[in-house]
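Trainee: I should like a close look at one part of this model, followed by an account of how that part sits within the rest of the chain. Please take the structure shown here as the basis.

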Amino acid sequence: MATGRTHRPATRSRGIPEATVARLPLYLRALTGLSERSVPTVSSEELAAAAGVNSAKLRKDFSYLGSYGTRGVGYDVEYLVYQISRELGLTQDWPVVIVGIGNLGAALANYGGFASRGFRVAALIDADPAMAGKPVAGIPVQHSDDLERIIADNGVSIGVIATPAGAAQPVCDRLVAAGVTSILNFAPTVLTVPDGVDVRKVDLSIELQILAFHEQRKAGEEADALAAAADSAPAVVAAKGQAGSDGDSGDGSGRGKGTDGDVPAVMPA
């Protein structure tokens, strides 16, 4: 089986924009769900809604893949699953090492979605000697002293860093020196890497802070709306009172004036 070290995805050579590449996994996830339900075809509107994107953007993204669908029929689900999987490199075997087997690293090791998406956890690595040999998700943890040998033996080109922040950069440097060219970083720090090495950062605290911002804004908008409603209430009451006062003015008969000012609102009997 081909390994990640000798085969690279074709997206860069074909000029697919990075924004499109970032959306391909969203389309693949939606398509996989359709495939599991034995749905044969899907329209651009239905697939866009399932992926959470605009249908025009979806059609533009698929045009980079050379897939345009069939008018009145839509897109063939199974073919798109294959096409996007191939474009993302998921039809190959990608051995992955996870460095840092604490709570997060262990959770990642136990994640069942790697294998179904073309990724094989080749090794688990930790600096704690007490962890050496301990099985996590059925894989024995190996000591970080053997990191370079592990990378070479397994042909690894993708590394996952789940260490504390202070250890992340030294681990990153060793991974790169050993030949790893793509890194998924869960450590709460920014990594410095040379050209030719790709880093994707996953920071849950930042995502939560962004959600907190939106929650605060929604709460503020609701408070402003309530305040505006409260401020307008006295004005409405005053306007009604003024209308009643105007209706009683005139010649003392209580008939008041009509809209023209000189015609009684109620004609005398």
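Which residue just after α8 takes a positive phi, and of about how many degrees?

Mentor: The residue is Gly179, whose phi is positive, at about 115 degrees, just after α8. The model is a predicted one, with an average pLDDT of 84 and 81% of the residues scoring at least 70.

The helix that precedes Gly179 deserves attention in its own right. α8 is made up of 13 residues and spans 19 Å between its first and last C-alpha, close to the 18 Å expected at 1.5 Å a residue. Its buried residues include Ala168, Val171, Cys172 and Leu175. These lie on the same side of α8, because the arc they cover around the axis is only 110 degrees. Gly166 and Ala177, on the other side of α8, are exposed. The cover over the buried residues of α8 includes β3 and α7, together with the strands β7 (158-161) and β8 (182-185).

α8 is also tied to α7 through charged side chains. Glu148 and Arg174 form a salt bridge in which the closest N and O atoms are 2.8 Å apart. The pair links distant parts of the chain, since Glu148 belongs to helix α7 (residues 147-154) and Arg174 to helix α8 (residues 165-177), 26 residues apart. Both partners are partly exposed: Glu148 has a relative accessible area of 34%, and Arg174 one of 28%.

Elsewhere, the salt bridge between Asp93 and Arg120 has an N to O distance of 3.0 Å. It too joins distant parts of the chain, with Asp93 in the loop between α4 and β3 (94-99) and Arg120 in strand β4 (residues 119-126), 27 residues apart. Here the partners differ in accessibility: Asp93 counts as buried at 11%, whereas Arg120 is partly exposed at 35%. A pair within one helix is formed by Lys218 and Glu215, with their closest N and O atoms 2.7 Å apart. These two residues lie in helix α9 (residues 204-248), 3 residues apart, or about one turn of the helix. Lys218 is partly exposed, with a relative accessible area of 45%, and Glu215 is likewise partly exposed, at 48%. Shared partners also connect Asp146, Arg149 and Asp153 into one network of salt bridges. The count of salt bridges comes to 8.

The nonpolar packing completes the picture. The largest nonpolar core holds 23 residues, and those with the most contacts inside it are Tyr27, Leu31, Val42, Leu47, Leu58, Phe62 and Ile84. At least two residues of this core come from each of α1 (18-36), α2 (44-51), α3 (55-65) and α4 (77-88). The greatest contribution is that of α1, with 7 residues. Beyond its neighbours within four places in sequence, Leu31 is in contact with Val42, Leu47, Val77, Leu80, Val81 and Ile84. A second, separate core has 19 residues, among them Ile150, Ile151, Cys172 and Val197. Cys172 is thus a point of return to α8, being one of the buried residues of that helix.

Two segments call for reserve. Over residues 1-13 pLDDT stays under 50, and the model has 32 contacts beyond four places in sequence for them. Residues 252-269 likewise stay under 50, with 14 such contacts. Where pLDDT is low, the predicted coordinates should not be read in detail.

Technical notes
Residues numbered from 1 in each chain as written. Predicted model: local features only at pLDDT ≥ 70, side-chain atom pairs only at ≥ 80, totals over all residues. Heavy atoms only, no water. Core = buried A, V, L, I, M, F, W, Y, C linked by side-chain atoms within 4.5 Å. Buried < 20%, exposed > 50% of the residue type's maximum accessible area, 1.4 Å probe, protein only. Helix = DSSP H or I, 4+ residues; strand = E, 2+ residues; numbered from the N terminus. Contact = heavy atoms within 4.5 Å. pLDDT = per-residue confidence, 0-100. Salt bridge = Lys/Arg side-chain N within 4 Å of Asp/Glu carboxyl O. Expected span 1.5 Å × (residues − 1). Arc of directions from axis to C-beta.
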